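The following note sets out points for a colleague examining this model. It takes up the packing of the interior, the metal sites and the charged pairs in turn.

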Amino acid sequence: MGGSIHADPVTERAAGRPPGTLIERWTRRSRKSDLLAQRCLPEVQLAASLTNGECPICARTAGDADHLMRYFAIEGHGELEVLEGYRRGPFCATHGHYAVTRTDMASPLGAVQSFALRAGLRCDFPPPGRDRRFGAGADPRCLACRSLRETTLRFVFFLANLLHGTWKAGQYPYAGLICQTHLTLLTPHLSDGMLRPLLETCAVRLETASPPDSASNGIASLEPILRLTVGNALPLPAWPKPAGVTSRKPGDPGKDLLRDIAEVSSCPVCLEMARVMTHWTKWLGEAVNKQEIADLLPTCREHVWALVLAGPPPLAHRAVEVNRRQHLGHLGLALGKMPAARNDSLQRYPLALWRRFRDGDPSALSRAWLRRPSRCPFCDRLDVAEAETLALLGILLRLQPNRGLFANGFGLCLRHAARFEQVCPDNDVKHFVRSTESAKLALLSWELTVSARKNAWQWRPDPKGSEMAAPLAGVLRLSGGTFDPAQRFD
Ligand SMILES: [Zn+2]
Ligand SMILES: [Zn+2]
Ligand SMILES: [Zn+2]
Ligand SMILES: [Zn+2]
């Protein structure tokens, strides 16, 4: 652990820390009772990550999906709370895909899906928010996303507490830095006297980090910058992955979608979203040396890392450098909006309190700027692909012959069925899709029951058909995404 943990309270007040936050009061009380030397386990773990030079929140949350899935597989799938949680919101596509890659999840998935279908799944998923994100942690209804968010916020709280206890006046005390993705969560817990040095340290480290070596084809030269900007590599890649499905030559969008809805392998809206991801990555890879593409490059952690891992090296290097410049600009603007540091003697409590009472929070503008989500062109493109495909589907299904194709194909995944219900203006089409989806869910429920029975030893002479893949096929139906349940996926 770096820095002194016995900071002088007078010096800390001089550094501009305002009184009153929960963490501050707790820290002051701890200092008084001389408990500061006894850090709790999360704080010790966070300090170790900071000393190792990595983002402590990225490091501490990396194993969350694995922990949750292991609990789910061993005992969670029998707990009423987990079953009810799954019924209210099955895994998102990213966590659904991750569950399917695990060898311990097929049977538990079958059990919870069977329960959820018999207990009546709710199709009332809220519409996506304005600043929509894709990837782990982005879905408010997914059990695993909720767990990741709660774990992240818990560690952010402990990190703020650790920083309050070990802060040196006017100086950031650690070798490691929080990444820009997680910085926005930490800033509300910090006083102005801590926020300014932290932002300045972030800006200096980003500015002086050596630019990505374009001669190197590996990602090793990119990692130091990625750790400072979007954060560590994700333990599970977000769905859809670049090049996860083959893209399609431009043709007639209506006829192309009709071909997709006749497919039996996956939801046509999910398929189109995966194609868009493949197509954009391919196009950007070809355009990177020919034209300016900075406005099309991703900004979120999921998609920057997706390009780094799956895109051509020149594109990966360009994406990382553009991202670094964007974060530097963002930090520069936030620092520009921060109030100038005042004379130490003026920061003493009575005067600082009176000034805050009179003027309000002087750094509110800067803090609001830091919290402002930046647009990610990849997230936006996926959002648009979903909305346009659902709209086109609603139009095509007004014609009776197309309804037959839809009924004989896959239909829609549960999330897109719920989304279709919210956006389709035609009640007749909505009713048709609702009844088709209800029949598909009933068939899945039957297959899950039969496959569970046939798995039992006393039924071993029974022939086993495609119904045995129902627990994995159920992930495609309830969580969405694109993969072949007969082969799992890579
Ligand atoms: Zn991080
Ligand atoms: Zn999720
Ligand atoms: Zn779908
Ligand atoms: Zn994105």
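1. The largest nonpolar core (buried Ala, Val, Leu, Ile, Met, Phe, Trp, Tyr and Cys residues joined through side-chain atoms within 4.5 Å) comprises 82 residues, and Tyr86, Phe91 and Leu412 have the most contacts inside it. Helix α14 (residues 268-287) contributes the most to this core, with nine residues; helices here are DSSP runs of H or I with at least four residues, numbered from the N terminus. A second, separate core has 47 residues, among them Leu183, Leu190, Leu222 and Leu331. Buried denotes under 20% relative accessible area, exposed over 50%, and partly exposed the range in between, with a 1.4 Å probe and protein chains only.

2. The model is predicted: local features need pLDDT of at least 70 and side-chain atom pairs count only at pLDDT 80 or more, whereas totals for chains, interfaces and linings use all residues. Residues are numbered from 1 along each chain as its sequence is written, chains are lettered from A and ligands numbered from 1 in the order in which they are written, and side-chain values use heavy atoms, with hydrogens and water left out.

3. Beyond its neighbours within four places in sequence, Leu412 is in contact (heavy atoms within 4.5 Å) with Cys267, Pro268, Val269, Leu393, Phe406, Ala417, Phe420, Val433, Glu437 and Arg477. Of these partners, Cys267 is also a donor to the zinc ion (ligand 3), and Glu437 and Arg477 form a salt bridge with one another.

4. The zinc ion (ligand 3) has as protein donors Cys267 (SG), Cys270 (SG), Cys413 (SG) and His416 (ND1), at 2.0 to 2.4 Å. Donors are N, O and S atoms within 2.8 Å of the metal (3.2 Å for Na, K and Ca); water is not among the atoms, so sites may look incomplete. The angles among the four donor atoms are 99 to 114 degrees and the site is tetrahedral, a label that requires all angles to lie between 85 and 135 degrees. Along the chain the donors follow the spacing C-x2-C-x142-C-x2-H. Cys267 is buried because its relative accessibility is 0%, and Cys270 is buried at 2%.

5. For the zinc ion (ligand 1), the protein donors are Cys55 (SG), Cys58 (SG), Cys179 (SG) and His182 (ND1), lying 2.2 to 2.3 Å from the metal. This arrangement is tetrahedral because the four donor atoms subtend angles of 101 to 114 degrees. The sequence spacing of the donor residues is C-x2-C-x120-C-x2-H. Cys55 counts as buried at 1% relative accessibility, as does Cys58 at 2%.

6. The model contains 25 salt bridges, each defined as a side-chain nitrogen of Lys or Arg within 4 Å of a carboxyl oxygen of Asp or Glu. One joins Glu437 and Arg477 at 3.8 Å, N to O. This pair links distant parts of the chain, with Glu437 in helix α22 (residues 427-455) and Arg477 in helix α23 (residues 470-478), 40 residues apart. Both residues, Glu437 and Arg477, are buried.

7. Asp256 and Arg259 form a salt bridge whose closest N and O atoms are 2.5 Å apart. They are separated by about one helical turn because they lie three residues apart in helix α13 (residues 253-261). Asp256 is buried at 7% relative accessibility, whereas Arg259 is exposed at 54%. Both belong to a salt-bridge network that links Arg248, Asp256, Arg259, Asp260, Glu272 and Arg275.

Conventions
Helices (H or I, at least four residues) and strands (E, at least two) are DSSP runs, numbered from the N terminus. Four donors count as tetrahedral if all angles lie between 85 and 135 degrees; four count as square planar and six as octahedral if opposite donors are over 155 degrees apart and all others between 65 and 115; anything else is irregular.
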